[in-house]
Amino acid sequence: MRFDVMTLFPDMITGGLGQSMIGRAIAQGTISLYTHNIRDFSADKFRRVDDTPYGGGKGMLMCCQPIYDCYQHIVQAADQKPYVIYASPQGRTFDQQTAKRLAEQQEHIAILCGHYEGVDRRIVDEIVDEEISIGDYVLTGGELPACVMIDAIARMLPGVLSDAACYENESFYHGLLEEPQYTKPAVFRDRAVPEVLLSGDHAKINRWRHEAALALTLLNRPDLIK
């Protein structure tokens, strides 16, 4: 899959995603990541990308022209129209099912990172396919949400993780939180690993894991049970 990120701070993207499993997947060519500095596409001699909003109000809005020209550059470079996501607090809340849908249905995703008070609505109407929020709070820009979305989507692509089981048994994939997990030693500060996990009886272990996942979900995220 190809990811393109339209941003004012490319280093936030490459720095955030250049490590660990996603960084290895990029280095190996399993996924492609390209960042594009929107300021490079400004027609203003001072490379300005923002201006005051019509109707008054505090703050600045990102202008249409540099964003649109950046988008057109991506289309031409990839020789195809990407599926464009605007990282926006006004969008639908991102979750595991959204990540799964995008991983399965899209081959090329471009993410627009806003800043200041956001972007001119006309550019959203012109190029954006979907607005997505990573939570009910406001950040200074769309770079962190872009990293979150790319990480969640990319790790479900073939070849990024060693096996599909690495993500299929995780929290939210099947609607529940993941069950508690344990490793050596068997006893730590008088706290012992549940005996069933040491039994070798895989049927009992699977039943315990399902029941523990239900109990943890009911305790921490009862909304998922509903």
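These legends accompany an overview and several close-up views of a predicted model.

**Figure 1. Overview of the predicted model, with its secondary structure and overall dimensions.** The secondary structure of the protein comes to nine helices and nine strands, and its C-alpha atoms fill a box of roughly 70 × 40 × 35 Å when this is taken along the principal axes. The protein has 226 residues, of which 41% count as buried. Its accessible surface comes to about 13,400 Å², and 50% of that area belongs to carbon and sulfur atoms. Among the contacts between residues at least 6 apart in sequence, 75% join residues that are at least 24 apart.

**Figure 2. Close-up of the nonpolar surface patch that includes phenylalanine 9.** Five side chains are to be found in this view, namely Phe9, Met12, Tyr137, Leu139 and Leu144, and together they make a nonpolar surface patch of about 470 Å². Phenylalanine 9 lies in the loop between strand β1, which covers residues 2-7, and helix α1, which covers residues 10-17. With a relative accessible area of 40%, phenylalanine 9 is partly exposed, and this value is above the 30% that a residue must exceed to be counted in a patch.

**Figure 3. Close-up of leucine 102 and the residues around it.** Leucine 102 lies in helix α4, and at 1% relative accessibility this residue counts as buried. When neighbours within four places in sequence are left aside, leucine 102 is in contact with Met1, Tyr83, Ile85, Ile109, Glu130, Ile132 and Ile153. A further pair may be located from this view: leucine 102 and proline 158 are 56 residues apart in sequence, and their C-alpha atoms are 14 Å apart in space.

**Figure 4. Close-up of the salt bridge between arginine 101 and glutamate 130.** The side chains of arginine 101 and glutamate 130 meet in a salt bridge, with a distance of 2.7 Å from N to O. Arginine 101 lies in helix α4 (residues 96-105) and glutamate 130 in strand β7 (residues 130-133), so the pair ties together parts that are 29 residues apart in sequence. The two partners differ in their exposure class, for arginine 101 counts as partly exposed at 22% relative accessibility, whereas glutamate 130 is buried, with a relative accessible area of 9%.

**Figure 5. Close-up views of other salt bridges in the model.** A search of the whole structure finds eleven salt bridges, and a few of them are presented here. Arginine 47 forms a salt bridge with aspartate 40, and the closest N and O atoms of this pair are 2.4 Å apart. In this pair arginine 47 is partly exposed, with a relative accessible area of 36%, while aspartate 40 counts as exposed at 51% relative accessibility. Aspartate 223 forms a salt bridge with arginine 221, the closest N and O atoms being 2.9 Å apart. Here aspartate 223 is partly exposed, with a relative accessible area of 44%, and arginine 221 likewise counts as partly exposed, at 31% relative accessibility. In addition, Arg121, Asp125 and Glu131 are linked in a network of salt bridges.

**Figure 6. Close-up of aspartate 50, a buried charged residue without a salt bridge.** Aspartate 50 lies in strand β3, which covers residues 50-51. The nearest side chain of opposite charge belongs to arginine 48 and is 4.4 Å away, so the pair falls outside the 4 Å limit for a salt bridge. Not counting residues up to four places away in sequence, aspartate 50 touches Met60, Leu61, Met62, Cys63 and Tyr116.

**Figure 7. Close-up views of cysteine 63 and cysteine 147, in a structure with zero disulfides.** A disulfide is a covalent bond between the sulfur atoms of two cysteines, and a search of the whole structure finds zero of them. The closest cysteine sulfur to that of cysteine 63 is in cysteine 64, at 7.4 Å, which is too far for a bond. For cysteine 147 the closest cysteine sulfur is in cysteine 113, at 7.8 Å, and this distance is also too far for a bond. Cysteine 63 counts as partly exposed at 26% relative accessibility, whereas cysteine 147 counts as buried at 10%.

Note on methods:
Residues numbered from 1 in each chain as written. Predicted model: local features only at pLDDT ≥ 70, side-chain atom pairs only at ≥ 80, totals over all residues. Heavy atoms only, no water. Patch = residues over 30% accessible without salt bridge, like charges linked within 9 Å, V, L, I, M, F, W, Y side chains within 5 Å. Areas by Shrake-Rupley, 256 points an atom, 1.4 Å probe, with all protein chains shown as cover. Helix = DSSP H or I, 4+ residues; strand = E, 2+ residues; numbered from the N terminus. Buried < 20%, exposed > 50% of the residue type's maximum accessible area, 1.4 Å probe, protein only. Disulfide = S-S within 2.5 Å. Lys, Arg positive; Asp, Glu negative; His and termini not counted. Contact = heavy atoms within 4.5 Å.
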